[in-house]
Amino acid sequence: MRFRRPLILAAAALTVFAVGGCTSDKPSTTTAADTGAGAAQTAAASTAPASGTGEQSKFFVQADYDAQLAMRSQTAEGPADKPWEQAIAPQMVSTAEYKKDGPYHLCFSNAAVDNPWRQVGWKTMQAEVALHKEISELTALDAEGKDDKQISDISELQAKGCDALIVSPNTTATLTPAVKGACGKVPVIVFDRGVETDCPVTFIKPIGGYAFGADAAEFLVEKVPAGGKILALRISPGVDVLETRWSAAKVAFDASGLQVVGVEFTDGDAAKAKGIVNDYIQRHGKLDGVWMDSGATSVAVAEAFEDAGMPVPPMTGEDQQDFLRKWKDDGLTAVAPTYPTYQWRTPIIAALKILKGEEVPKTWNLPQPKITAENLDRYLQPNMPPLHYALCGCEGMPGFPEKWGGK
Amino acid sequence: MRRALPILVVLAVLLAAIAIVNPFFIEPAGFLSFVRRAAPLVILAAGQYLVIVAGEFDLSVGSLVTVEVVVAARLIDGDEAATWPVLALLIVLGLVVGLVNGAVTTLLRVPSFITTLGMMLVLSGAVFLWTGGAPRGALSQAFRMFGRQTGWAVLILVVVAVAAVVLMRANFGRTLIAVGDNERAAALSGVRVTRVRIIAFTLSGLSAAVAGILLGGFAGVSAQVGQGLEFQAITAVVLGGVVLGGGRGTVVAAMAGAFTLEALFTLLNLYGVSGALKFTVQGVILIAAVAAGAIRLPFLDAPKVKGDAHAVS
């Protein structure tokens, strides 16, 4: 008899969902969560809310967006075969004040090594260190994805007599004071995510998230006929480097004739992504394109269409080998923007330049290539593990491919 | 069966609601794909039921699923020939982890909440240490067949469900419920309490191994695959009206609870409710179901609810 109440409760809950469902049966579900504050600054970008992309992200900054999109067509300066040494439109700064004699002790505060991208990057950075005899030691601390640990890591490293400090911040705002504190004592090099201060000698990054998101979205706008149904898959909300990717895609979709039928979060989980795609195929009969803010679950998405007995529509991914292989084997219509792991080489190179008193760019914008059907063969490496990132720039380094898990 | 009725009614209502929004759902292909997707959770719920009805918890199943998938990928590494030996190894691994949980809980008298919480941390730490957060290797096509091909997944689910029902109807099932209902009474009437509980944990480990094989097959290698599954399984069992603390509820209701939870998630998705709300819904259900189970209106209470538990001896 005790089951009678759960029945009533469940029935009541069901009614609520059903009623709620009728009033919110629009696909603009997921981005609306925390947008209020940013609405004003982004009004210009959200002219066509009817396309189903929701409100613009509060992380969207029009000037950065414009700058990044412009950088895509600019030619980078530097050696053509070493993109990790190239810089787009560099504004050089003098580093004479940091000049000192070697050997050098470098320190590195790493946000985390908890995903394949950071794994590949970290191996690449260590290999770069091994290339330079003038580096006597690299002391690295892993913050394990925790802001508080990284703050104490940074102060701990200052006591170790480092000649230069490299920081890959876990989050932007929280790490800013810690980086500021270190700036006065040693030359600081920041890469990957930024900080809200210009005190580091140089900030190294690929062009950025807007360019990534726009590259992927523009491909779909080109390949999918007007009115086509697009599903956007994101990892999680509120992460600046991912928000920029989506917000640039949103701008592109809003200006197109495409219909974004859903924006969903996958948590980077393949099973979840596959389930979501499955649901959307059932709900809409078909999908004409899938936009993704990262490639971790791209293969699962392609498989969802296969398992439903449908051709895989134009879709986007990243430079992970499993997706490139799937793309090649099944002849997908795809594009893979990248956030190159070769950027992990640059901080070491920059540190040595600074300690030798050579000029470095204040903001070191690395080129950010995209993989297309034309250059796919160049990046597909069958001997590398499925989660290896093709743009590691590590092919010529000692220990390749074994150190990166290849055969 | 009568006890499973309320949750079956809720399930039927939810399925009907899904069918209204998405007519494809009633077609065999659509429904089977739903069953396939629910299969891992249903199997986990069956395993979790055995532990819960005996008065314990198993919080380690989620990370055990992750371990199974990551180990499988690393050992198979794309080699078709390695599929069957590795499958056997995964089953053994699940059984061993369950056995350890059971032995620590019963023989060392560590509360199962702590034992399995510790096991969860040990396993997720071990996975992280071994993979560094980036799983290596790849699963073979033969391995993936079980989770990817609807027929296989449904077949495995049916086998597990039938086995669970048969097990609960057999002597073992009665003693298990007796142990959960009143450990001392069961012991006095000759039930080997320790052994029964260890078997329950071992079978829960086995269910995690099978669920891991299905999930790995469904979507491939991922270090997040098992995240939160233990709570989904517990929610499902509770939703089926199984009382935490043991002694009450049927395995059919627990598995129906898992289907209901999956149906609810599907429905939310069909209505375009954000994925973030999934956790909220899960939490509300968990609390509501337990609260509803605890409130017992005297005039509705049938006098002989406890009867079968004591009939064992």
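A residue is taken as buried if 20 or more other C-beta atoms lie within 10 Å of its own, with C-beta atoms placed from the backbone. The legends below describe close-up views of a predicted model.

**Figure 1. Helix H7 of chain A is largely enclosed by the rest of the structure.** The helix comprises residues 240-254. Of the 15 residues of H7(A), 13 are buried, so the helix is largely enclosed by its surroundings in the structure. At 1.5 Å a residue, a helix of 15 residues should span 21 Å, and the end C-alpha atoms of H7(A) are 21 Å apart, which agrees.

**Figure 2. Chain A is divided into two domains, each assembled from two stretches of the chain.** Domain 1 takes in residues 28-58 and 209-337, while domain 2 takes in residues 80-207 and 341-368. Taken over C-alpha atoms, the centres of domain 1 and domain 2 of chain A are separated by 32 Å. The chain has twelve helices and 14 strands. Of its 407 residues, 52% are buried. Among the contacts in chain A with a separation of 6 or more, 71% are accounted for by residues 24 or more positions apart.

**Figure 3. Six strands of chain A form an open sheet with parallel pairing.** The strand order is E3-E2-E4-E5-E6-E13. Strand E3 (135-142) and strand E13 (363-366) stand at the edges, each with a single partner strand, so one side of each is left without a neighbour in the sheet. Neighbouring strands of this sheet are turned by 20 degrees against each other on average, direction ignored.

**Figure 4. Strand E2 of chain A pairs with E3(A) and with E4(A).** Strand E2 covers residues 104-110 and pairs with E3(A) in the parallel sense over seven bridges. Within that pairing, His105(A) has Glu137(A) in E3(A) as its bridge partner. The pairing of E2(A) with E4(A) is also parallel and runs over five bridges. Here Cys107(A) has Leu165(A) in E4(A) as its bridge partner.

**Figure 5. Strand E4 of chain A is covered on both faces.** All five of the five residues in this strand (residues 164-168) are buried, so E4(A) is largely enclosed by the rest of the structure. Ala164(A), Ile166(A) and Ser168(A) lie on one side, and Leu165(A) and Val167(A) lie on the other. E4(A) pairs in the parallel sense with strand E5 (residues 188-191) of chain A over three bridges. In this pairing, Ile166(A) stands opposite Ile189(A) in E5(A).

**Figure 6. Helix H11 of chain B is mostly covered.** The helix spans residues 229-239, and ten of its eleven residues are buried. Among the buried residues of H11(B) are Leu229(B), Glu230(B), Gln232(B), Thr235(B) and Leu239(B). H11(B) is followed by Gly241(B), whose phi is positive, near 85 degrees.

**Figure 7. Two annotated spans of chain B are entirely helical in the predicted model, residues 112-130 and residues 198-219.** The unreviewed UniProt entry gives the annotation "transmembrane region" to residues 29-52, 82-100, 112-130, 150-168, 198-219, 251-273 and 279-299 of chain B. Residues 112-130 are 100% helix and 0% strand, with end C-alpha atoms 26 Å apart. Residues 198-219 are likewise 100% helix and 0% strand, and the end C-alpha atoms of this span lie 32 Å apart.

Key
Residues numbered from 1 in each chain as written. Chains lettered and ligands numbered in written order. Predicted model: local features only at pLDDT ≥ 70, side-chain atom pairs only at ≥ 80, totals over all residues. Helix = DSSP H or I, 4+ residues; strand = E, 2+ residues; numbered from the N terminus. Expected span 1.5 Å × (residues − 1). Buried ≥ 20, exposed ≤ 12 C-beta atoms within 10 Å, placed from the backbone. Contact = placed C-beta atoms within 7 Å. Domains from an automatic or database assignment. UniProt positions renumbered as here; feature names shortened; annotations may be inferred. Pairing = 2+ DSSP bridges. Axes fitted to C-alpha atoms, helices over the stretch in contact; angles between N-to-C directions.
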